[in-house]
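Visitor: I would like to go through this model with someone who can point out its backbone details and its largest open space. Could we take them one at a time?

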Amino acid sequence: MLTTNSKDVFFLLSTVFILSQNFLNGHSFKPEPRGGHMATLVNDRIYFFGGSRPIPITSPAWNQTHQYNLSDEVFYLDLSSSFTVNLPPFTDLSAISRMPFGCERGTTVLGYSGVRIFLVGGVQQNMVTFGYNTTNSSLWIYNINSQKWDTNGPGTYGPPLPRRRSTATVIDKNGVIYIFGGRVGVDTGSDVFIMFDDLFTLDTSLFEWSNLSLPNHPPKRNLCTATLMPDGKIIYIGGVTQSFAGGPPTRVNMNEIYIFDTIASAWSQKSALGNIDPRVGHTAILAPDNYTIVIFGGTQGYVLRQSTSYPTFVLLDVKSEPFQYSSPQTSGMAPPPLSYHTATLYQNYMIVVFGNITNDFGPSNNASADIYIMNLLNYTWVTQFETASSSHTNNIKLITIIFSVIGSVGVSIGIGTIIYFKYYRRKFNKINRKKDVIELEQSQDTEQPH
């Protein structure tokens, strides 16, 4: 016999509610698989820009040197309400906010009182001719209110950042962007493959550039991560280096950590204990405890050699020295090994989106179109996203829906009962009238003389 309980009913109603919300809110946009895109959190939305989309190997356009198309799309993921990872509420803004070029491997940060997203560096591809180096500007600005792009603000001072890609970039609480390293090549206007070891800043309130030439800086570095700590220090992890211009890239030892102190304006080097693979294309975000850096994914290869770096999920404890790597066991359904994805901290969640799928067997141009969510409080990969505020709001909505359904059913029963009793009463009265007539006729018959 089929049985159910209140939990089953509540889960079913919750699922129906989430699906109905996605449908009613028009969240039907499904982005293509990609890697190398940019992502920035603005309030309860993650804005996504560009990326590199793999061309199916069965396509006539695919060949050994043309395996990807860049994207100029702009869209966001809505975090204001609950959703399941297989039905993420993406909204496409490309019709009004399309990027001026196809772009990958840039960096985006939020500044200017939370109304402007700054795009630093990256590949710029003409979406008509597919030629590179569409513009000479290394800085583009997306205005969230107008949903338009611009190349600069009210005024730009100082020597601007030369064109480059794959920098390690963060913005501090004072609105100063710190841009370290990166590289140039054919796709960024240079015939020679060159990495950089310079540190540029952009004060977004004054729009003033500065090139900080300071001692003890790291060697040339490309594709490393930058994590801003609460005390103003920036921790740089991983990536590749280069011994001379035009030389081959060399993987950086993950145990060599460089730190830039934005308060003291000074570099330092620290060591980290633990045996983990070197990597590029990884992400590093600061956990809610403010001393654990969560590192996810990455590849040991370079360009198309997307071999997996292990462990894929790593923690770096920077509370005391020497720093310590660890790889705790996670639960839930983990994502495939990824590189060139994005990871965003939102409340207690790490939200991983898209990325190239790595493997251990050789070159791969597979990419993900999915999102993956980890609860950092217990290192569990979850399939449903739910915030405290959205949970409260959605519970109210759900309760409203339940009571509306119950009310509707109650009204229907009430109306049905009234109709039934009206019908029954009419029928009862008709029977009684017929009975009275019969009794009257019988009484009349008995009164007639024989």
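Guide: What follows is a set of questions and answers on a model that is predicted.

Visitor: What volume does the largest pocket have, and which strand gives the most to its lining?
Guide: The largest pocket has a volume of about 1300 Å³. Of the 38 residues that line this pocket, the closest to its centre are Ala 39, Thr 169, Ala 226, Ile 285 and Ala 343. At least two lining residues come from each of β1 (38-42), β9 (107-111), β14 (168-171), β20, β26 and β32 (342-346). With five residues, the strand that gives the most to the lining is β1.

Visitor: How many residues of each class, nonpolar, polar and charged, does the lining of the largest pocket have?
Guide: For this count, Gly is placed among the polar residues and Ala among the nonpolar ones. On that basis the lining of the largest pocket has 19 nonpolar, 18 polar and one charged residues.

Visitor: Which strands stand at the edges of the open sheet of four strands?
Guide: The order in this open sheet is β9-β10-β12-β13, with antiparallel pairing. Two of its strands each have a single partner strand, so one side of each is left without a neighbour in the sheet, and these edge strands are β9 and β13 (148-150).

Visitor: Over how many bridges do β9 and β10 pair, and which residue of β10 does Gly 111 stand opposite?
Guide: β9 and β10 (residues 116-120) pair in the antiparallel sense, and this pairing runs over five bridges. Within β10, the residue opposite Gly 111 is Arg 116.

Visitor: Where are the cis peptide bonds that precede Pro 311 and Pro 322, and what are their omega values?
Guide: Most peptide bonds are trans. Pro 311 lies in the loop between β27 (292-296) and β28 (313-317), while Pro 322 is in the loop between β28 and β29 (323-326). The cis bond from Tyr 310 to Pro 311 has omega near -10°, and the one joining Glu 321 and Pro 322 has omega of about -5°.

Visitor: Is Asn 216, with its positive phi, buried or exposed?
Guide: Phi of Asn 216 is near 65°, and this residue is found in the loop between β19 (208-212) and β20 (225-228). Its relative accessible area is 58%, and because the class begins over 50%, Asn 216 counts as exposed.

Visitor: What is the relative accessible area of Asn 290, where phi is also positive?
Guide: Asn 290 has phi near 70° and is placed in the loop between β26 (283-286) and β27. Asn 290 is partly exposed, and its relative accessible area is 42%.

Conventions
Residues are numbered from 1 along each chain as its sequence is written. This is a predicted model: local features need pLDDT of at least 70, side-chain atom pairs count only at pLDDT 80 or more; totals for chains, interfaces and linings use all residues. Side-chain values use heavy atoms; hydrogens and water are left out. Buried means under 20% relative accessible area, exposed over 50%, partly exposed in between (1.4 Å probe, protein chains only). On a 1 Å grid over the protein atoms alone, a cavity is a set of points where a 1.4 Å probe fits but cannot get out, and a pocket is an open set with protein on both sides within 12 Å along at least five of seven lines; lining residues have an atom within 4 Å of a point. Grid points are joined across faces, edges and corners, and a volume is the space filled by probe spheres set on the points. Two strands pair if DSSP finds at least two bridges between them.
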